[in-house]
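Thank you for making time for this one. I would like to walk you through a structure that is new to this group, so please have a look before I begin.

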Amino acid sequence: MASEFDQYARDYEAMQKDPLRHSFSKDGTFFFERKWLLIRSYLASQGRGLSSMSWLDIGCGKGELLRLGRPEVASIAGCDVSTAMLDLCPDIPSRPMTAPERLPFPDQSFDLLTAVCVYHHVAPDGRAALTREAARVLRRDGVLAVIEHNPLNPATRLIVSRLPMDRNAILLSAKETRRLFDDAGLRNLDTAYFLYLPEKPFRMFPVLETALKRIPLGGQYAVFGHKR
Ligand SMILES: C[S@@+](CC[C@H](N)C(=O)[O-])C[C@H]1O[C@@H](n2cnc3c(N)ncnc32)[C@H](O)[C@@H]1O
């Protein structure tokens with residue numbers, strides 16, 4: 001069954017071009033680095049060592065985030081509903097998803113799950129099932145991190161409204177994401193807002209973003225939760 005992103009896979013980079021996004025960082029890699037930094041510092045704050053972790057990235061796309069974190073964790077895996085996106089990351093161990101709310105892995109397979117800019121492409125009535133699936137494949141004490149565009153940030157809304165691949169996107173707030181976590185039985189929830197600063201100032205004053213992380217205006221947010 002074809003998925004929406006099959007049609008975007010080939011021109012994925014070109015389709016992400018937007019002057020406002022570009023003014024934040026000339027190099028798209030920054031956006032992945034920033035996310036990896038956030039996930040890693042959250043895990044460190046919880047006393048969780050990365051080196052023994054098995055990590056699944058749901059909706060991994062071209063596998064950029066997994067590639068960045070791979071040297072630091074025990075194992076990586078990706079899955080996606082788009083086989084065309086997975087074809088672009090042959091170096092990443094991945095499995096196609098044959099149903100959008102079904103993860104193709106056994107119960108309790110992973111210590112860390114991430115879903116980055118995926119949920120706004122999932123139909124609202126499918127999000128709870130996907131989150132329950134995430135909880136199912138997480139090991140006890142495992143962590144789920146969902147990273148999403150922040151609908152409260154006007155620049156984010158403008159960029160999303162201009163990108164062709166987001167034409168069907170339905171953004172969700174951090175509050176809605178926390179409710180999904182809660183309903184799936186995930187606990188100890190934490191939210192961090194980030195992408196306040198463009199790349200250059202961020203690299204000069206990274207602590208500024210840490211200081212702002214509870215203010216709900218960053219370009220994106222991350223919700224973290226634990227399986228008990
Ligand atoms: C905007 S891209 C993000 C890709 C990658 N996570 C990243 O940050 O570059 C959204 C991805 O989510 C995938 N996707 C959409 N619905 C999904 C679902 N229900 N389960 C898993 N992946 C899904 C799409 O195929 C696409 O690869």
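What follows is a short tour of the ligand shell, a pair of helices and a few single residues.

A word on the source before anything else: this is a predicted model, in which local features need pLDDT of at least 70, side-chain atom pairs count only at pLDDT 80 or more, and totals for chains, interfaces and linings use all residues. Residues are numbered from 1 along each chain as its sequence is written.

Let me start with the ligand. There are 20 residues around the ligand, and those that come nearest are Phe 5, Gly 59, Gly 61, Ser 82 and Pro 100, where a residue is near a molecule if its C-beta atom, placed from the backbone, lies within 6 Å of it. By residue class the shell consists of 13 nonpolar, five polar and two charged residues; here Ala, Val, Leu, Ile, Met, Phe, Trp, Tyr, Cys and Pro count as nonpolar, Asp, Glu, Lys and Arg as charged, and the others, Gly among them, as polar.

Now to the helices, which, like the strands, are DSSP runs numbered from the N terminus (H or I and at least four residues for a helix, E and at least two for a strand). Helix H6, residues 127-137, and helix H8, residues 174-183, have axes that come within 9 Å and cross at roughly 55°, the axes being lines fitted to C-alpha atoms, for helices over the stretch in contact, with angles that run from 0 to 180 degrees between N-to-C directions. H6 is therefore oblique to H8, since angles under 35 degrees count as roughly parallel, over 145 as roughly antiparallel, 65 to 115 as roughly perpendicular and the rest as oblique. On the H6 side the contact is made by Arg 127, Ala 128 and Thr 131, and on the H8 side by Leu 180, Phe 181 and Asp 183, contact meaning that the C-beta atoms of two residues, placed from the backbone, lie within 7 Å. These contact residues of H6 and H8 divide into three nonpolar, one polar and two charged.

Staying in helix H6, we find Ala 135, which touches Ala 184, Gly 185, Leu 186 and Lys 227 when residues up to four places away in sequence are not counted. Is Ala 135 buried or exposed? It is partly exposed, because 19 other C-beta atoms lie within 10 Å, and the rule calls a residue buried at 20 or more, exposed at 12 or fewer, and partly exposed in between, with C-beta atoms placed from the backbone.

Next comes the loop between strand S6 (186-194) and helix H9 (199-204), where Tyr 196 has its place and where Leu 195 is also found. Leu 195 counts as buried, with 25 C-beta neighbours inside 10 Å, whereas Tyr 196 is partly exposed, with 18. Leaving aside neighbours within four places in sequence, Tyr 196 is in contact with Glu 209, Leu 212 and Gly 218.

Finally, a point about the backbone. Most residues other than glycine have a negative phi. Leu 195, although not a glycine, has a positive phi of about 60°, and Gln 108, also not a glycine, has a positive phi of about 50°. Gln 108 lies in the loop between strand S3 (94-96) and strand S4 (110-116), and Gln 108 counts as partly exposed, with 13 C-beta neighbours inside 10 Å.
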